[in-house]
Amino acid sequence: MITVEDLRKEYGDFAAVVGSSFSVESGEIFGIVGPNGAGKTTTLKMLAGLIEPTGGTARVGEYDAGDPEMRHELGFLPEESPLYEDMTAHSYLRFFADLYDVPREVADERIGSALDRLELDHRERRLGDVSKGMKRKVAIARSLVNDPDLLIYDEPASGLDPLTTNYVLEFTKELSEEGKTVLFSAHNLYHVESVCDRVVIMNRGEIIARGTVPEIRAEHGETTYHVFTSVPVDGSDQVGDRHRVIVPDMEAVESIRARAERSGGAVEDIRTREPSLEDVFLDLAGGQQAESGTDRTQRAGPSSPEDRTGGGR
Ligand SMILES: Nc1ncnc2c1ncn2[C@@H]1O[C@H](COP(=O)(O)OP(=O)(O)OP(=O)(O)O)[C@@H](O)[C@H]1O
């Protein structure tokens, strides 16, 4: 569905995205994660055709990113999505359906179904008077009015309470189960870990890891063993009435066992701990400063064209 090769975006001599390559299969939920300034929004906007790359290629379905025909295939949810505050959810969504030339009857059915599924109770209330969570849901419903195959969501759950966040993530999963392809960005690695089939981790404009979460864990993270003993051993700390040592492999576990037994004790429990995506991320990005300009300035090439828009459609 999406093929990105050596995609780059430079602002003057600053490189916001440094040669990204990845592909997203149809029906997949694909996550782009990274800290502030990593280049996530820039990447998504290039794919949505809102800003022009300075290098590389991006294909979305059968189109080059930016081809005006692509808009029928795509639903884009910007990170900030201001709504027309005097409209109701229903009139706002109908307005966008008209922009996409969706026939009235089809639009009304689609909008009604989206509003029901998103549990938008106050659909006749002015959008200026509804909660942030509801505004986000209306923006999500807007991304669906043209029934696109591809959804590009920039931080869909940012700033929402845990309940609404969960709702939005579950809804994203449902969309993928219906065959839609979803590409989304997130800061919160747990969101990505719980929903995405595959992810890329970006930092300072570059992809620094990629794959399924278990693959990234296996490649970049280390399983640790928490060994609980009945007697203190070198380096242990007291946890309840037992003593715990954290070690990297089974050889070290056996060495702890021998030491505990020499002191007249025993190993009572061993637990493995898989690194979370967050552990891996902190490890990979650790020590690097996300927004540091120096390296990115050196890597950047010639000046870029201006943004086509500042955001939104
Ligand atoms: N129009 C612009 N002109 C100059 N620099 C820009 C422009 N837009 C973005 N940048 C810079 O490019 C870098 C990447 O920005 P981007 O918005 O893609 O990051 P992000 O990963 O989405 O961050 P966040 O999580 O904070 O939204 C940042 O350092 C940002 O300041």
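By class, how many nonpolar, polar and charged residues does the shell around the ligand have? I counted in the predicted model and got four nonpolar, seven polar and four charged. For the classes, Ala, Val, Leu, Ile, Met, Phe, Trp, Tyr, Cys and Pro go down as nonpolar, Asp, Glu, Lys and Arg as charged, and the others, Gly among them, as polar.

**Ground rules.** This is a predicted model, where local features need pLDDT of at least 70, side-chain atom pairs count only at pLDDT 80 or more, and totals for chains, interfaces and linings use all residues. Residue numbers start from 1 along each chain as its sequence is written.

**Ligand.** I looked up who sits around the ligand (a residue is near if its C-beta atom, placed from the backbone, lies within 6 Å of it). Of the 15 residues there, Tyr11, Ala16, Asn36, Thr41 and Thr42 come nearest. Strand 2 (14–24) and helix 1 (40–47) each give at least two residues to the shell. Helix 1 has the largest share, three residues. My helices (H or I, at least four residues) and strands (E, at least two) are DSSP runs, numbered from the N terminus.

**Helix 1.** Is helix 1 mostly covered or mostly exposed? It's mostly covered, with eight of its eight residues buried. Buried means 20 or more other C-beta atoms within 10 Å of a residue's own; exposed is 12 or fewer, partly exposed is in between, and C-beta atoms are placed from the backbone. Thr41 and Thr42 are among the buried ones, and I'd already met both as ligand neighbours. After the helix comes glycine 49, with a positive phi near 80°.

**Strand 9.** I checked strand 9 (residues 198–203) next: five of its six residues are buried. Strands pair if DSSP finds at least two bridges between them. Strand 9 pairs with strand 3 (residues 29–33) in the parallel sense over four bridges, and with strand 10 (residues 206–211) in the antiparallel sense over five. Valine 199 stands opposite glycine 31, and its bridge partner in strand 10 is glycine 211. Strands 9 and 10 make a hairpin with two residues between them, and arginine 204 in the turn has a positive phi of about 50°.

**Another sheet.** I also found an open sheet of four strands in the order 12-13-11-14, with antiparallel pairing. Strand 12 (237–239) and strand 14 (267–273) are at the edges with a single partner strand each, so one side of each is left without a neighbour in the sheet. Strand 11 (residues 224–229) joins strand 13 (residues 242–247) through five bridges, and histidine 226 has isoleucine 246 as its bridge partner in strand 13.
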